[in-house]
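Please work through the exercises below with the sequence and the model side by side, trying each task before reading its solution.

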Amino acid sequence: MNLLSVENIAKSYGELVLFDDISFGVNKDQKIALIAKNGDGKTSILNILSGKDVPDSGLVNYRKGTRVSFLEQEPDMNPDLTIEETIFASDNDILKVILAYEKALENPEDEEAYQKAFEAMDRNDAWDFETQYKQILFKLKLEDIHAKVGLLSGGQKKRLALANALINKPDLLILDEPTNHLDLEMIEWLEQYFSKENITLFMVTHDRYFLERVCNEIIELDGGKLYPYKGNYSYYLEKKEARLEQEAVEQHKSKLLFKKELSWMRRQPKARTTKSKSRIDDFQAIKEKAHQRRNEHEVQLEINMERIGSKILELHKISKSFPGKPILDQFDYTFTKGERVGIIGKNGTGKSTFLNILSGTEKADGGKVVIGDTIKIGYYTQKGITIKQGQKVIDVIREFGDYIPLKKGKQISAQQLLERFLFDRKKQYDFVEKLSGGERKRLYLCTVLIQNPNFLILDEPTNDLDIMTLNVLESFLLDFPGCLMVVSHDRYFMDKIVDHLFVFRGDAVIEDFPGNYSDYRAYEDSQVAENRSEKNKGSENNTTKNSWKEESSGTKLSYLEQKEFKSLEREIHRLEEQKEKVQHRFTDSGLTGEEIDALSIELKEITEAIETKTERWFELSAMME
């Protein structure tokens, strides 16, 4: 069933043509990702689909009655509402039923209102929906449902907008970089959620593991044209390579034909016949095809960095805390030559603070940071670039340097570096304010690299970068001979770049894991399985000394969990009564075979619901101990 049809749309800004005459459709249960370079029009397409913008020509048609949710990169929400009010402001009828039930729980003395709300929950099958929406808020760490939207951070607002989109259960969910501002745990949960849910998706994302595990179709916007690939990211890479090889063969043929036609044109044929006129007209098309160039570069640079001495960077008993939140406690570490460290951990555990202390932009409360005399730190922060009115792209990078020295006396100029990071010569003379968000991040990255650091610190470098730029950056970093420290939620990027991890557990606990992110996840999963196996055998061994254990369940319940715990007892009691009634109906000797089958199915569903809710009740009960 077709939910969305996009027919022959075009969009341009002055002389810049983003795309022209492109068409595609979205069918029910498809999970489609749109891939393109920064500045090629991904956000413009999403804005057109959401109605925030209109195409210069062409049509966008939604199937009548289709419910659509759109997740923007910077959501616009009412700052005066709380998280709970924002969720319940939806047009979703079941959410209104749940809201009435939540209010009835707060006023248990009004038995009539409670009974009415309880029956409405039954009538609309809202119990599972309520559990699911609470689970979504819990997973996205939006537990303080009375917090005002206006007081939330940018990341929290993005997570709230994502929660709202998921809870509304739309027919079509359109997402712009859904993994931005999510920590690794949240990304993996969202990945699993999308994989198992029957939900129709159209999204822009640079997370390649996400593309691999969630999407069943990829559409690439390249050179203003759309190329569909009916498969996941691995399939896309394979088929794109085949397409580029075919294009190279065709371009070679076009060049041969161009030479032949050029020779004919130089003889200055007179367009006396229809055939001659047609051949002259065709010559321009042949010429254009023969001179097509792809702006793709393999970065293989033997960088001639300043020599790194024996002393690189040492941390001696570093401590740092904020009110009620310890970040570092007597932390010691000595960096060695060529180290490539990834930093992972939940949001708020102090990853960026740690990088700020390393770079000297923030002071530690105690301890000493010793930086070697030969060390030159390059620091890419999340803040991005400061835009100056009227400044051109090439001028921005030249403020920081004119070239990077290479070995054997060679060098790469500022212009060449920009070209390698997909800024062609024409783009280099554009005004910075005309760049897209992703292009500005790419330019900022170039300003850090042109300074030729030998200790590179990157804080979320993959945010807002397209997949093509990520591939270029990875190639550059694989050639980079200095020390590297990276905070990133891009698992594919981390796997490719780093050798070991600092795992920020929170409460000033930092563990050094010897491997990349996939190694870490495999180890964690094996430990979880091992711990479960020990519990099943009745083992009484205390595993709290293991540094790679499951997180302790002995935590206090959040406000949402307390409400959930109270309602679970009522729900289990109601289901037990329902089960008893169904079992009693089996005593009726006049039941037909079909009626017995129907009752058996109903009894099975009730029993499974009791088991699920009882398991959750025990889980919450254990957390209260």
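Three exercises follow, each with a worked solution.

This is a predicted model, in which local features need pLDDT of at least 70 and side-chain atom pairs count only at pLDDT 80 or more, while totals for chains, interfaces and linings use all residues. Residues are numbered from 1 along each chain as its sequence is written, and side-chain values use heavy atoms, with hydrogens and water left out.

**Exercise 1.** State the mean pLDDT of the protein chain.

Solution. pLDDT is the predictor's confidence in each residue, from 0 to 100. Its mean over the protein chain is 82, and 85% of the residues reach 70 or more.

**Exercise 2.** Compare the expected span of helix H3 with the distance between its end C-alpha atoms.

Solution. Helices (H or I, at least four residues) and strands (E, at least two) are DSSP runs numbered from the N terminus. The expected span is 1.5 Å times one less than the number of residues, so the 14 residues of H3 (residues 93–106) should span 20 Å, which agrees with end C-alpha atoms 21 Å apart.

**Exercise 3.** Describe the lining of the largest cavity by residue class.

Solution. On a 1 Å grid over the protein atoms alone, a cavity is a set of points where a 1.4 Å probe fits but cannot get out, and lining residues have an atom within 4 Å of a point. The largest cavity has a volume (the space filled by probe spheres set on the points) of about 50 Å³. Its lining has five nonpolar, two polar and three charged residues, and strand E3 (residues 31–36) gives the most, with three residues.

Definitions and conventions:
1 Å grid on protein atoms, 1.4 Å probe; cavity = no way out; pocket = protein on both sides within 12 Å on 5 of 7 lines; lining within 4 Å. Nonpolar A, V, L, I, M, F, W, Y, C, P; charged D, E, K, R; others polar.
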